[in-house]
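Good morning, and thank you for coming. I would like to take you through one protein chain, beginning with a single strand and working outwards.

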Amino acid sequence: MIIQCTWGIIQSSIGFVIFLFNLKKHHFYYHGAVVTSWNLLSSISLGMFIFITNKQPKDKRKQNKIPDKEMLRRLLVHEYGHTIQSLIFGPFYLIIIGIPSTLWGFLPSCQKKRNHGISYFDFITEKSANYLGEKITKEESPKQALI
């Protein structure tokens with residue numbers, strides 16, 4: 001936690017401000033991170049703060065379908081992986097991970113690729129978050145789910 005407040009001060013400060021705007025939402029701790037369940041469809045990790053959707057992301061793949069509640073749990077593992085990335089990259093996290101991840105998630109050209117069967121989690125920043133989340137928590141991530 002101390003490292004997130006020093007080395008990860010930029011993203012943790014942004015996360016804290018967003019946390020304050022969401023004080024009335026449901027909060028819990030997950031491996032030392034403060035998790036807020038919110039109504040947005042997307043999830044985000046900012047330092048020691050994780051904001052996770054309370055909507056059910058669905059695995060669009062017909063085979064190997066992940067049940068909805070299981071997908072939310074796996075998504076938390078993924079977002080925790082971003083928390084670990086924040087510890088690794090510190091003040092460079094937003095440049096190395098945050099911006100590319102956001103562009104991958106929201107640029108229309110990237111969304112188009114994902115509509116043609118490429119998983120959101122195939123992008124290097126997301127694949128790395130899955131790996132780190134699984135390594136630290138010993139739980140499963142969304143892997144290659146199409147959401």
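**From one strand outwards**

Let us begin with strand 4, which is mostly covered, since 5 of its 5 residues are buried. Please bear in mind that what you see is a predicted model.

How are the two faces of strand 4 covered? On one side Phe-49, Phe-51 and Thr-53 are buried, and on the other side Ile-50 and Ile-52 are buried. A general point helps in reading this: in a regular strand the side chains alternate between the two faces of the sheet.

Now to the sheet itself. Its 4 strands form an open sheet with mixed pairing, in the order 1-2-4-3. Strand 1, residues 26-30, and strand 3, residues 44-46, stand at the edges with a single partner strand each, so one side of each has no neighbour in the sheet. From one strand to the next, the twist averages 20 degrees.

I shall take the pairings in turn. Strand 1 and strand 2 are antiparallel and share 5 bridges; within this pairing, Phe-28 has Val-35 in strand 2 as its bridge partner. The hairpin of these two strands has 2 residues between the strands, and His-31 there takes a positive phi near 50 degrees.

Strand 2 and strand 4 also have 5 bridges, but this pair runs in the parallel sense. Here Trp-38 finds its bridge partner in strand 4 at Thr-53.

Strand 3 and strand 4 run antiparallel and are joined by 3 bridges. Ile-44 is bridged to Phe-51 of strand 4, and Ser-45 is bridged to Ile-50 of strand 4. This hairpin too has 2 residues between its strands, and Gly-47 takes a positive phi near 65 degrees.

What packs on this sheet? Helix 2, residues 9-21, does so, touching strand 1, strand 2, strand 3 and strand 4, and its direction makes about 50 degrees with that of strand 4. Helix 3 lies across strand 1, strand 2, strand 3 and strand 4 as well, running at about 150 degrees to strand 4.

With the sheet and these helices in mind, we may turn to the interior. The largest nonpolar core has 18 residues, and the members that touch the most others are Tyr-30, Val-35, Ile-50, Leu-76 and Tyr-80. Strand 2 (33-38), strand 4 (49-53) and helix 3 (68-89) each give two or more residues to this core. Helix 3 supplies the largest share, namely 6 residues. A second, separate core has 6 residues, among them Phe-19, Met-48, Phe-49 and Phe-51.

Let us look at one member of the largest core in detail. Apart from neighbours within four places in sequence, Tyr-30 is in contact with Val-35, Leu-76, Val-77, Tyr-80, Thr-137 and Glu-139.

That list brings us to helix 6, which covers residues 124-137. Its 14 residues reach 20 Å from the first C-alpha to the last, close to the 20 Å expected at 1.5 Å a residue. Its buried residues are Thr-125, Glu-126, Ala-129, Asn-130, Leu-132, Gly-133 and Thr-137, and they pack against strand 1, helix 3 and helix 4 (93-106). After helix 6 comes Lys-138, whose phi is positive, near 65 degrees.

How do helix 3 and helix 6 meet? Two packed helices are described by the angle between their axes and the distance between the axes. For helix 3 and helix 6, the angle is about 95 degrees and the axes are 7 Å apart. Helix 3 is therefore roughly perpendicular to helix 6, because angles from 65 to 115 degrees count as such. Among the residues that meet are Tyr-80, His-82 and Ile-84 in helix 3, and Glu-126, Ala-129 and Gly-133 in helix 6.

Is His-82, which sits in helix 3, buried or exposed? His-82 counts as buried because its relative accessibility is 4%, and the cut-off for buried is under 20%. Leaving out residues up to four places away in sequence, His-82 touches Ser-45, Tyr-93, Ile-97, Ser-101, Thr-125, Glu-126 and Ala-129.

For contrast, I close with Lys-24, in the loop between helix 2 and strand 1. Lys-24 counts as exposed because its relative accessibility is 86%, and the cut-off for exposed is over 50%. Its C-alpha atom is separated by 37 Å from that of Gly-117, 93 residues apart along the chain.

Note on methods: Residues numbered from 1 in each chain as written. Predicted model: local features only at pLDDT ≥ 70, side-chain atom pairs only at ≥ 80, totals over all residues. Heavy atoms only, no water. Core = buried A, V, L, I, M, F, W, Y, C linked by side-chain atoms within 4.5 Å. Buried < 20%, exposed > 50% of the residue type's maximum accessible area, 1.4 Å probe, protein only. Contact = heavy atoms within 4.5 Å. Pairing = 2+ DSSP bridges. Axes fitted to C-alpha atoms, helices over the stretch in contact; angles between N-to-C directions. Expected span 1.5 Å × (residues − 1). Parallel < 35°, antiparallel > 145°, perpendicular 65-115°, else oblique.
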